[in-house]
Amino acid sequence: MNDGVTPVTVTTTKKGYDQTYTGSDGSATYTYQVNLTPDIVLRQDATAFDCGNDEIAWNMGYRNIKFYPDNTSTNRNQNNDVPVFRYSDIILMKAEAILRGGSPTMGHTALSLTNLLRSNRTTSPSLTTLSLDDLYQERNREFASETWHRNDMIRFGKYEGSWGFKKDSNPNRRIFPIPTSALTVNSALKQNLGY
């Protein structure tokens with residue numbers, strides 16, 4: 001039951017819960033209370049970023065259910081549309097353009113546009129100043145789990161830093177490698193620099 005009060009439990013096997021379980025009763029039923037943790041522990045193979053293939057691994061890391069699944073749907077056609085473009089993005093793009101040297105229009109400043117969005121949230125007080133770093137943080141909050149963060153990191157000069165498990169600061173990593181299968185099929189393709 002998803003009421004925020006009743007504990008969520010999962011029934012599996014002892015081996016299904018912990019793949020390293022070595023007891024003779026590995027196929028015995030095991031019920032546990034789900035406890036999602038923010039930490040990610042690479043338990044199986046650190047070089048492959050492998051947490052394991054068991055319930056312990058599947059309960060690691062943050063979850064963000066911004067667009068909650070439609071529990072009334074019996075197929076893949078959910079009634080909980082996920083936005084691709086949002087008016088908030090347009091507002092923050094305009095604020096960024098002004099901060100980067102564009103001319104304010106219609107009496108809007110970068111600060112007033114950002115505060116316009118913040119006023120829609122009861123937990124976000126108005127800002128008194130606004131820098132590019134402040135705007136970057138605002139975009140992180142506004143568009144969490146909306147697949148824009150990588151683009152923002154590149155545009156705001158944050159992508160080459162160390163974050164999460166990423167330690168490589170090579171700017172060539174902004175562009176993904178061409179898959180080997182594509183290179184095999186088309187000899188005119190040349191692998192992107194650095195791969």
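A polar contact here is a pair of N or O atoms within 3.5 Å; within protein, one must be able to donate a hydrogen and the other to accept it, and residues adjacent in sequence count only if both atoms are side-chain atoms. One such contact, at 2.8 Å, links the side chains of glutamate 160 and arginine 174.

Some ground rules: this is a predicted model, with local features needing pLDDT of at least 70 and side-chain atom pairs counting only at pLDDT 80 or more, while totals for chains, interfaces and linings use all residues. Residues are numbered from 1 along each chain as its sequence is written, and side-chain values use heavy atoms, leaving out hydrogens and water.

Now for two charged residues. Both count as buried (under 20% relative accessible area, with over 50% exposed and partly exposed in between, 1.4 Å probe, protein chains only).

| Residue | Relative accessible area | Side-chain polar partner |
|---|---|---|
| Arginine 118 | 7% | backbone oxygen of proline 125, 2.8 Å |
| Glutamate 160 | 18% | side chain of arginine 174, 2.8 Å |

Arginine 118 sits in helix H4, helices being DSSP runs (H or I, at least four residues) numbered from the N terminus. Beyond four places in sequence, arginine 118 has contacts (heavy atoms within 4.5 Å) with residues including Ser124, Leu127, Glu138 and Arg141. Glutamate 160 is in the loop between helix H6 (149-155) and helix H7 (180-185).

Then there's the largest nonpolar core (buried Ala, Val, Leu, Ile, Met, Phe, Trp, Tyr and Cys joined through side-chain atoms within 4.5 Å). Of its 14 residues, Leu92, Ala95, Ala110, Leu113 and Leu135 touch the most other members. H3 gives the most, with 4 residues.

Key:
Helix = DSSP H or I, 4+ residues; strand = E, 2+ residues; numbered from the N terminus.
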